[in-house]
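I opened this notebook to keep track of what I looked up in the structure, going from one small part outward to the whole.

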Amino acid sequence: MTGAVVRRSQKAGLPPGSLVYVGDEAAGKTTIEVIEYTPERIDETSVQDAGDLAAYHGRDAVVWINITGLHEVGVIEKTGEIFGLHPLILEDILNTEQRPKMEDYDETIYVVMKMIGSLEDGRVADEQISLVIGDRYVISFQERPGDVFDPVRGRIRLPKWRARRLGADYLAYALIDALVDGYFHVIERFGERIEAVDDQIIADPDPETLRSIRELRRELIFLRKSVWPMREVIAGLERTDSTLVTQQTRLYLRDVYDHTVQVIDTLETYRDMAAGMLDIYLSSASNRMNEVMKVLTIIATIFIPLSFIAGVFGMNFRNMPELEWGYGYPTSLALMAGVALVLLIYFRRKRWI
Amino acid sequence: MTGAVVRRSQKAGLPPGSLVYVGDEAAGKTTIEVIEYTPERIDETSVQDAGDLAAYHGRDAVVWINITGLHEVGVIEKTGEIFGLHPLILEDILNTEQRPKMEDYDETIYVVMKMIGSLEDGRVADEQISLVIGDRYVISFQERPGDVFDPVRGRIRLPKWRARRLGADYLAYALIDALVDGYFHVIERFGERIEAVDDQIIADPDPETLRSIRELRRELIFLRKSVWPMREVIAGLERTDSTLVTQQTRLYLRDVYDHTVQVIDTLETYRDMAAGMLDIYLSSASNRMNEVMKVLTIIATIFIPLSFIAGVFGMNFRNMPELEWGYGYPTSLALMAGVALVLLIYFRRKRWI
Amino acid sequence: MTGAVVRRSQKAGLPPGSLVYVGDEAAGKTTIEVIEYTPERIDETSVQDAGDLAAYHGRDAVVWINITGLHEVGVIEKTGEIFGLHPLILEDILNTEQRPKMEDYDETIYVVMKMIGSLEDGRVADEQISLVIGDRYVISFQERPGDVFDPVRGRIRLPKWRARRLGADYLAYALIDALVDGYFHVIERFGERIEAVDDQIIADPDPETLRSIRELRRELIFLRKSVWPMREVIAGLERTDSTLVTQQTRLYLRDVYDHTVQVIDTLETYRDMAAGMLDIYLSSASNRMNEVMKVLTIIATIFIPLSFIAGVFGMNFRNMPELEWGYGYPTSLALMAGVALVLLIYFRRKRWI
Amino acid sequence: MTGAVVRRSQKAGLPPGSLVYVGDEAAGKTTIEVIEYTPERIDETSVQDAGDLAAYHGRDAVVWINITGLHEVGVIEKTGEIFGLHPLILEDILNTEQRPKMEDYDETIYVVMKMIGSLEDGRVADEQISLVIGDRYVISFQERPGDVFDPVRGRIRLPKWRARRLGADYLAYALIDALVDGYFHVIERFGERIEAVDDQIIADPDPETLRSIRELRRELIFLRKSVWPMREVIAGLERTDSTLVTQQTRLYLRDVYDHTVQVIDTLETYRDMAAGMLDIYLSSASNRMNEVMKVLTIIATIFIPLSFIAGVFGMNFRNMPELEWGYGYPTSLALMAGVALVLLIYFRRKRWI
Amino acid sequence: MTGAVVRRSQKAGLPPGSLVYVGDEAAGKTTIEVIEYTPERIDETSVQDAGDLAAYHGRDAVVWINITGLHEVGVIEKTGEIFGLHPLILEDILNTEQRPKMEDYDETIYVVMKMIGSLEDGRVADEQISLVIGDRYVISFQERPGDVFDPVRGRIRLPKWRARRLGADYLAYALIDALVDGYFHVIERFGERIEAVDDQIIADPDPETLRSIRELRRELIFLRKSVWPMREVIAGLERTDSTLVTQQTRLYLRDVYDHTVQVIDTLETYRDMAAGMLDIYLSSASNRMNEVMKVLTIIATIFIPLSFIAGVFGMNFRNMPELEWGYGYPTSLALMAGVALVLLIYFRRKRWI
Ligand SMILES: [Mg+2]
Ligand SMILES: [Mg+2]
Ligand SMILES: [Mg+2]
Ligand SMILES: [Mg+2]
Ligand SMILES: [Mg+2]
Ligand SMILES: [Mg+2]
Ligand SMILES: [Mg+2]
Ligand SMILES: [Mg+2]
Ligand SMILES: [Mg+2]
Ligand SMILES: [Mg+2]
Ligand SMILES: [Mg+2]
Ligand SMILES: [Mg+2]
Ligand SMILES: [Mg+2]
Ligand SMILES: [Mg+2]
Ligand SMILES: [Mg+2]
Ligand SMILES: [Mg+2]
Ligand SMILES: [Mg+2]
Ligand SMILES: [Mg+2]
Ligand SMILES: [Mg+2]
Ligand SMILES: [Mg+2]
Ligand SMILES: [Mg+2]
Ligand SMILES: [Mg+2]
Ligand SMILES: [Mg+2]
Ligand SMILES: [Mg+2]
Ligand SMILES: [Mg+2]
Ligand SMILES: [Mg+2]
Ligand SMILES: [Mg+2]
Ligand SMILES: [Mg+2]
Ligand SMILES: [Mg+2]
Ligand SMILES: [Mg+2]
Ligand SMILES: [Mg+2]
């Protein structure tokens, strides 16, 4: 089963543990990278066939297996078989509409997270990352090539890296930390967009601004949905009974928990700002309408009575003595000027002009 | 008592455990299907008389009794008598306005849920499903023919189905899982409708759009009311003290709990989107009004002064020397053009045109 | 002290346990009905003097004393003396602005609730009902004649009524159940009114509709205030340490708890609906204004320029050659028609017509 | 340090326990009243010098010291010294912007509350009341003369008052109860004002109404801030470990807790009512605008085309044959009437008239 | 690394404990002040080189080291080395976008807070303050010169200061107390601005007012983000298991906790006020628009029909007998006056004038 867009509802009725890929069409082949390290050495390999992963189970080193591309269900299934993963884990790995969560199975801990990135136009996209944390290994699953883990790879390669002598749990922490660090980039760009729109609302609230507000609100809903559950995920790891997580790593998990809270805090700040935007937009638009109406009212209110006066003196009655007067015309103009002046003073009093 | 629409308030004053059908008029006869299976064999029968169910109580196999149609109260009463169900369970089965809940009676567990489906026009309808989970049996009660359980029936019929050797609790889980899977279909369709309306609000916010927003909001209220309590229901099953639910099944219940949370999450996303829709609609409508007002203001503001000038030169005073000038007429036209130009420049400055 | 409207603030400064009636003026006399029953017999009496109640204390039967009319403070005081009720209970019975609550005194349990009814015009009214539950007796206190307990009276009179052999706690449950059943009638009527207004908002949002929305919101506030605390009251009874409530009755209390949750659920649904109503009303009213403005704009925008043209040709300059042309008049009409046509096409383009 | 308005920020940087009066300017002298009572006797004195209070410490009677006026810091300091009060208590007594709270020091319990009163115009004002509850004494501190404690004073003077033989904790309860009773008066007056504004919004929503809504909202914020924390305060007293509060008094504290909940409940009702007021005002104002616009539209839409027709027949073309017809004039009038009629029918159809 | 603005996202991918300054460009040099005191003596020094701090570790006196300026990362690193601070503490000190928090490391307690100040124009700015509380020392870290700790310095210098004999925990308390005291000044100024805008909204709601409302809302979001977490921070210190905080100091921490709650309470009051401001602004603006529209409608509605009448009598039909009448002209004027009068009465009836 390769590549088509599969929706969650198409899984309806399948038994639990059914391995069906739910996600966007993904071109390209599934790739498997393996990094194995001990304090003394490091090996990096690219594995072609999932069956070859059996060689990496139960090693006397920390093994990180990174699988990119979920549409080749067979690969996931084989991996699960080798490492003895519960069918419900495999099912969740393949369903990329999962909510971030952490589940404690006896032999392994299963973690689902959302990696978030900014597209060129500043809009936000996500990718589901699953981590399976075992005794001496971490397996990460990604939807598409490209991730935020390069700094971790770089550190592993350093022979002097302290964490070389720490276990798989520290490696998992490092991956989660890198992923959460990635959020800061996204929310900073988002913050800039929100500021820009916020200024525009007051300065020049056109229909395009309304579209932007709508867009921001929707992305905010999306971001919150991805980030909020991360707090629970990391707190779960920090407090788990599992012996897979050492005391030392828990201290570092507290640190990344803190980062997540900071991201959430900033998102809530944006939410509070966005919440008022529509009301300000409406008020701002109402101010502009007010201004338009005032111009119309002033012009119309001045000239309609004047036109009426002109109309009266344009009537064709035979017997209109003022039409015959030598100063009838200038007097009528003066009358009109007088009316206009009175109205102008009235508007001035009302502070419309 | 067959078929009429009965409202909840008509039960007022009846003693507890009174068997009164509260629901829509339901044509057709009540039907009873029985599926009995062991690892070795499977029997499917259609039972005509509720009294015949006595044969299926206390069997050495898992028995699934599916009763469709609640308006024949006698059938429900007889079934309750045979399986020793508490009168309060029977009363709740018949009251189809029940809130989803899970209740632990000593010998049985009683579960009420809402099955949700999309009508042809995309609108949402529900049907109350009750499950009674006993030692070796599950009894399901439906309001109308048609359900989402066919995939479960299909799996039971497979001789190699693993769960053949599991108990009634796993069967109940499978039914609940199928029902929750059905939610995904409904919320995906609902999501499409919400997207469509959301686009329309910006592009072309007519009164019909307002009607759609109202409709969406009401259905969302309805959906949330059906789905939210499911979380508690499944968590209740997962954590119950009852020995009717085995440890193995609880792991699967955690999985379906997860699905429910995912559905709720999506519903909350829609709710957040819908919450802003009316404000955006109002802003969008205000934008359109603004545009209308601007056109009126520009036209009126330009032509009202011009008409006034024409009116002045249309007055019938005898002594209006400019009327006699050879270039009076073109001069007056030039004057009018000048006034119009000044106003156009003014509007340009204000960026109205 | 008989009959006047007394407000809560008039009690300020009185010592605790002061017996002052706080409520609406209540005409008529206080009445006392007593029903006494054992499995074998039933006696119904009307007691004239509160002092005679002493005969009903410490009987070997279940006694239900129903006192209607709280303005005769002496009756309440005497009753309290006979049954040894705490002064704070008596004070609360007389204060009809009490919030529903359940209080555990050692010898008795005190329960305050609100009975709700629909007036002829569909509006909602309430009446405070107090229950004192003792070892073998229940005393109910009402503000006015008329209640929802007739079905309970009817059941007590049936010789075959199972509950004849149950204690006072079951009788109290039956009264609470009848009272909660009464809520369903009220909220169904309320639901119909809310539906009617909801349709009107879209179809024909006139000022009268606004008044209805306001009315519904106020009644909803009122209803929620009466019903929400009932959940706590019944849960309190279900979980109390008191030996006055038997295990069997607790199962029935769970059932009526369930009913209360259902009522609350429906009220919250109405609240969600009502919450959006004003926004929809405003949008709907804005749509109608928009329509009005469009008509004005179209008419004015077409005819104002045409009038200007007519005004120009109505000027009295001597030297206006076009006035002399043979085809001047039809040409001017054609010019006007042309201008109108251009404007109509413009409006068509904007989809205003 | 006497009398000036001191703001909280001026205390910045002072060490904890610094005795600085934060409050409004308070004219007049600080007064000290002492009431001492046993079951047998009662003594009332007015103490001139705080130093004389030493005589009332450690007496074999219940002593109530009531100090009015906080600006004479020395008095408070001396009192604290005599009764061994913690400097943090004294500091809080002097800071009249304290939030209501209850603090358990080992030898004493410290309680801060807000006494609320209605000014002549119905607006709300508050005064901070501190209570220090010791083994055989209660000291109350007020900002200004006048309080709601007169009924308590009256009861103490009654020789037959049951509570004469109860301890200082019951006296403290009686003071708190009197203070909470005072709330009912305020919220009833507030309720009347809210009702009046609510009616005005629909009947005649002028700018003055908007001002009233604003005022009500602000006072509601103020009231809630004073009253909400009282719930916690009284619950704290009811559940405290301190031996200063006897079992018997706790029962009475539950009663006054109940009153507080009732006040809060009513405030929340007002809040819900006030929450919708602005939306209703806006809708109501929009309805009025709509009406204005309709009148304008109807008049303008009818007469603008008619004026155009008149303008056409007022043009000065030489060759306008209809002007010469005998029935030209009445025909033109008929034409105008026809146009007006068509427009009137159109408006009727739209139900604008 | 000196001075540039560094954003949080630039830390992405760095290992935990990486020392990178995240903050605004900060000119000037990092300064280190040391105050050491015992009950008998006090020493104040300015340390040039962080390495010299080693002399102050493990002293038999209380040592307060105050470091101002975080951009010189080496200073922070050296300090951490000398006092054995965990790398995660150092990292957080340098990241000035930290959320206020309190963390218990075994040997030290780490506290991050926000110092808030008002700029000249009343707007609000913050500065991150970190405290490291050790056995006999407190180290404070600030971003920029200037703080609210001068009163604490003053008190330390007093030989008779009671706290001279208390430990580092009391010193830390005194610093936190001074910082929280600083909030009162800011929120009082903020309160004045909110009052001013609140009045302006009703009196003269121009676009500038809208800008002010927006500003206030944003600053409120900012203030709440800084202050809310302080409650948790101080509660954490009050309840910590750590032996670094003595029982006596905890009593004082309860006092400053109280101050924080008071600040939060006031902020929430402002939030409630600000929440309604936009709605009131919109209503107020709508009132003004209404007034404008009424003037337009009255003038236009009166003069448009009059102009029509004048237009009719300005038509050039040959056969218009009324034009020839001697009283035609005054009759026509009377007709116009009559029409105007009828309309004026109509407007009066509608209470528009
Ligand atoms: Mg499934
Ligand atoms: Mg799953
Ligand atoms: Mg995805
Ligand atoms: Mg990837
Ligand atoms: Mg903003
Ligand atoms: Mg709003
Ligand atoms: Mg019933
Ligand atoms: Mg019932
Ligand atoms: Mg139904
Ligand atoms: Mg069905
Ligand atoms: Mg979408
Ligand atoms: Mg809204
Ligand atoms: Mg009382
Ligand atoms: Mg009442
Ligand atoms: Mg009654
Ligand atoms: Mg039931
Ligand atoms: Mg609303
Ligand atoms: Mg202080
Ligand atoms: Mg005050
Ligand atoms: Mg006073
Ligand atoms: Mg009322
Ligand atoms: Mg109201
Ligand atoms: Mg009471
Ligand atoms: Mg609003
Ligand atoms: Mg970090
Ligand atoms: Mg990091
Ligand atoms: Mg950190
Ligand atoms: Mg900063
Ligand atoms: Mg500084
Ligand atoms: Mg104020
Ligand atoms: Mg204090």
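**Strand 6 and its surroundings**

I began with a sheet in this predicted model, where strand 6 of chain A runs antiparallel to strand 7 (residues 137-142) of chain A and is joined to it by four bridges. I noted that A:Ile133 has A:Val138 in strand 7 of chain A as its bridge partner, and that the two strands make a hairpin with three residues between them.

I then turned to strand 5 (residues 109-118) of chain A, which pairs with strand 6 of chain A in the antiparallel sense over ten bridges; here A:Tyr110 stands opposite A:Val132. Five residues lie between the strands of this hairpin, and A:Gly122 takes a positive phi near 90 degrees in it.

Is strand 6 of chain A mostly covered or mostly exposed? I found that eight of the ten residues in strand 6 (residues 124-133) are buried, so to speak mostly covered.

**Domains and record**

I looked up the domain assignment of chain A, which gives domain 1 (2-151 + 163-283) and domain 2 (291-349), with 74 Å between their centres, taken over C-alpha atoms. An unreviewed UniProt entry lists residues 295-315 and 327-347 of chain A under "transmembrane region". In the model, residues 295-315 are 90% helix and residues 327-347 are 95% helix.

**Copies**

Finally I checked that chain B is superposed on chain A by a rotation of 72 degrees with 0.0 Å of shift along the axis (RMSD 0.1 Å). The two copies are therefore related as by a five-fold rotation axis. In chain B, the C-alpha nearest the axis belongs to B:Gly314, 4.8 Å from it.

Key:
Residues numbered from 1 in each chain as written. Chains lettered and ligands numbered in written order. Predicted model: local features only at pLDDT ≥ 70, side-chain atom pairs only at ≥ 80, totals over all residues. Heavy atoms only, no water. Domains from an automatic or database assignment. Least-squares fit on C-alpha atoms with pLDDT ≥ 70 in both. UniProt positions renumbered as here; feature names shortened; annotations may be inferred. Buried < 20%, exposed > 50% of the residue type's maximum accessible area, 1.4 Å probe, protein only. Pairing = 2+ DSSP bridges.
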